[in-house]
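User: I would like to know how the terms used for a ligand and its surroundings are justified. Please go through them one at a time.

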Amino acid sequence: MNIEILVGSTLGGTEYVAEAIQPYLEEVGMTSTIHFNPDLNSLSIEDEQIWLICLSTHGAGDYPENFKAFVEQIKQTTGSLSKLSFGLIGIGDSNYDTFCFAAKRFDELLLEKEATRLGDVFNIDVVNSPIPEDRLVDWIPLWIKDLSNLAI
Ligand SMILES: Cc1cc2nc3c(=O)[nH]c(=O)nc-3n(C[C@H](O)[C@H](O)[C@H](O)COP(=O)(O)O)c2cc1C
C-alpha cells in the first residue's frame with residue numbers, strides 16, 4: 001500500500017523530514033507520495049489509507065499555515081476515519097511551553113475521528129536536533145515494523 005506523507009510546515013524545515021523518510025520506505029519495498037499542501041479531496045478517505053504526518057508547531061501551539069485548511073476539512077467530515085491508519089512526527093522547539101502542540105492536537109483529532117495510530121507520536125526537538133531528519137533513524141524502523149504487522 002502506498003504511504004501518504006503529509007507535511008505541515010511554515011518555514012520549510014519539515015519538508016526535509018518528509019523527503020528523508022522516502023528512502024527508508026523504499027528500502028522495504030514501500031512506495032510513498034509526499035503532500036506538501038495536504039488536501040482531503042485528493043486523499044480518498046473512504047478507502048484504506050496510511051498517512052505519515054510530519055507536522056511542525058507555530059504560533060502559540062498552532063498549526064502551520066499550509067495545514068490549517070486541511071485540519072478544518074477533517075473537522076468537518078461527518079463520517080468516521082476508521083479506515084485510516086497513521087503515524088505522526090511532531091517537530092518543535094522545547095523553549096516553548098506549547099512544545100509540539102500541533103502534533104498533539106492533530107493526534108487527538110484523528111483519534112476522535114476513529115483513525116488508528118501506529119506506534120507512538122515521535123516528537124523531535126530542534127533544540128537538541130537542529131537537523132530533525134537525522135533523528136528519523138531512531139523511530140522510522142520501529143514504525144515500519146508496526147506497519148508490517150497491520151493486516152492489510
Ligand atoms: C513564530 C514561531 C513560533 C513557534 N511556536 C512553536 C510552538 O508553539 N511550539 C513548538 O514546539 N515550536 C514552535 N516553534 C518552533 C518550530 O516548530 C520549529 O522551528 C520548526 O523546526 C519549524 O518547522 P518548519 O520549518 O517546518 O516550519 C515556533 C517557531 C516560530 C518561528
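User: What makes the pair formed by an oxygen atom of the ligand and a polar backbone atom of glycine 13 a polar contact?

Analyst: In this predicted model, the two atoms are 2.8 Å apart. A polar contact is a pair of N or O atoms within 3.5 Å, so the pair with glycine 13 counts as one. The protein covers 80% of the 640 Å² of accessible area that the ligand has on its own.

User: Why is the pair with a polar backbone atom of glycine 12 called a polar contact?

Analyst: An oxygen atom of the ligand lies 3.3 Å from that backbone atom of glycine 12. The limit is 3.5 Å, so this pair is also a polar contact.

User: Which part of threonine 14 is in contact with the ligand?

Analyst: The side chain: one of its N or O atoms is 2.6 Å from an oxygen atom of the ligand. That value is within 3.5 Å, therefore the pair is a polar contact.

User: What makes a residue count as near the ligand?

Analyst: One of its heavy atoms must lie within 4 Å of the ligand. There are 19 residues around the ligand, and Ser9, Thr14, Thr57, His58 and Thr98 come nearest. The shell divides into 6 nonpolar, 12 polar and 1 charged. Both α1 (13–27) and β4 (84–92) supply at least two of its residues.

User: How do you know that the ligand is in a pocket, and which pocket is it?

Analyst: A molecule sits in a pocket if more than half of its atoms lie within 2 Å of the grid points. The ligand takes up the space of the largest pocket. About 310 Å³ of space lies in that pocket. Its lining has 20 residues, with Ser56, Thr57, His58, Ile91 and Gly92 closest to the centre.

Note on methods: Residues numbered from 1 in each chain as written. Predicted model: local features only at pLDDT ≥ 70, side-chain atom pairs only at ≥ 80, totals over all residues. Heavy atoms only, no water. Polar contact = N/O pair within 3.5 Å; in protein donor to acceptor, adjacent residues only side chain to side chain. Areas by Shrake-Rupley, 256 points an atom, 1.4 Å probe, with all protein chains shown as cover. 1 Å grid on protein atoms, 1.4 Å probe; cavity = no way out; pocket = protein on both sides within 12 Å on 5 of 7 lines; lining within 4 Å. Helix = DSSP H or I, 4+ residues; strand = E, 2+ residues; numbered from the N terminus. Nonpolar A, V, L, I, M, F, W, Y, C, P; charged D, E, K, R; others polar. Points joined across faces, edges and corners; volume = space filled by probe spheres on them.
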